[in-house]
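Here are some worked exercises for you to try with the model open beside you. Have a go at each task before reading on.

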Amino acid sequence: MLNYIIWNPDGTLIDFGFYQLRWYSLLFGLGFILGYQFVKWRFKRDDVDTKLLDNLAVYLVVGTIIGARLGHCIFYDWDYYQNHLLEILLPFRFSPSFEFIGYRGLASHGGGAGVIIALLIFAWREKISKLWILDTIALVIPLAAACIRLGNLMNSEIIGNATNVSWAFIFKHIDNIPRHPAQLYEALSYLVIFGILFWLDKKQKFQKGFVLGLMLVLMFTARFFIEFVKADQSAFEADMTLNMGQWLSIPYVILGLVFIWFGMKRKE
């Protein structure tokens with residue numbers, strides 16, 4: 001056990017009594033803030049009015065939270081939420097007693113769908129190119145996703161399977177079993193993907209939609225393979241050859257390949 005990393009952080013950064021600032025919330029917000037700065041840079045580079053950014057931020061936050069929340073409740077915990085429909089979108093528990101619990105279940109696949117829908121609505125209302133805005137946000141999604149996975153690491157959630165590798169983590173909030181730090185694998189993968197997308201985007205040699213397609217293929221391919229070392233998030237996944245996260249990743253990879261195909265034509 002001495003060779004493994006003992007992981008036992010307090011998920012709460014500051015306790016105000018009436019409200020707890022948790023590491024997850026901080027890192028979730030940091031992902032949006034960092035992403036906002038890169039999006040602002042791209043708006044300026046392509047001579048798009050930066051006054052639209054505040055509206056865009058609202059669309060993104062709402063789309064991400066609603067999509068991620070619905071994704072978790074429908075695909076991972078429907079047995080419970082079908083009888084507690086109000087708790088899907090309200091941050092409260094009504095039984096056995098009324099309690100503020102926040103949103104303790106967000107699925108990235110649902111968040112991805114929510115973001116795409118929100119961006120399409122935003123582009124339609126603001127009369128800007130749909131593919132351009134999708135490319136712009138696709139550029140920073142891996143950066144935001146890396147921050148969120150670090151938040152999961154601080155919460156000791158979305159843990160990996162048992163292993164004896166030397167870098168295994170023992171999540172003391174869960175058990176005393178050495179496990180793959182799957183959250184860290186994802187965070188590092190997403191940071192590498194962000195670097196690749198940012199480097200390619202600066203070259204500006206591909207048609208609109210290419211960055212979006214490449215982001216979908218790289219992120220969800222990484223997610224697909226990392227799922228092999230992750231513990232099941234729901235009991236029903238135990239008898240599945242591929243778990244729910246892997247099945248939900250496949251359509252995104254296919255969609256990404258379609259966008260890459262049409263975006264491979266280089267600009268003159």
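**Exercise 1.** At the start of helix 9, which backbone nitrogen does a side-chain oxygen of Asn243 reach?

*Solution.* First, a word on the ground rules: this is a predicted model, in which local features need pLDDT of at least 70 and side-chain atom pairs count only at pLDDT 80 or more, while totals for chains, interfaces and linings use all residues. Residues are numbered from 1 along each chain as its sequence is written, and side-chain values use heavy atoms, with hydrogens and water left out. Now look at the start of helix 9 (helices are DSSP runs of H or I, at least four residues; strands are runs of E, at least two; both are numbered from the N terminus). There, the side-chain oxygen of Asn243 comes to within 3.1 Å of the backbone nitrogen of Gly245.

**Exercise 2.** Find what the buried residues of helix 9 pack against.

*Solution.* Begin with the buried residues (under 20% relative accessible area, with exposed over 50% and partly exposed in between, using a 1.4 Å probe and protein chains only). In helix 9 they include Leu248, Tyr252, Val253 and Ile260. Next, look for their neighbours: the buried residues pack against helix 2 (53-75), helix 5 (108-126) and helix 8, where contact means heavy atoms within 4.5 Å.

**Exercise 3.** Trace the salt bridges of Lys230 to Glu186 and Glu227.

*Solution.* A salt bridge is a side-chain nitrogen of Lys or Arg within 4 Å of a carboxyl oxygen of Asp or Glu. Step one: the closest N and O atoms of Lys230 and Glu186 are 2.9 Å apart. Lys230 lies in the loop between helix 8 (210-226) and helix 9 (244-263) and Glu186 in helix 7 (residues 182-203), so this pair ties together parts 44 residues apart in sequence. Step two: Lys230 also bridges to Glu227, at 2.8 Å from N to O. Step three: check burial, and you will find Lys230 and Glu186 both buried, and Glu227 buried as well. Finally, widen the view: a network of salt bridges links Arg149, Glu186, Arg223, Glu227 and Lys230.

**Exercise 4.** Work out the strand order of the open sheet and its edges.

*Solution.* The three strands run in the order 1-6-7, with mixed pairing. Strand 1 (5-7) and strand 7 (178-179) are the edge strands, each pairing on one side only. Strands pair if DSSP finds at least two bridges between them; strand 6 (residues 169-171) and strand 7 are joined by two bridges and run antiparallel. Ile170 stands opposite Pro178 in strand 7.

Notes: Polar contact = N/O pair within 3.5 Å; in protein donor to acceptor, adjacent residues only side chain to side chain.
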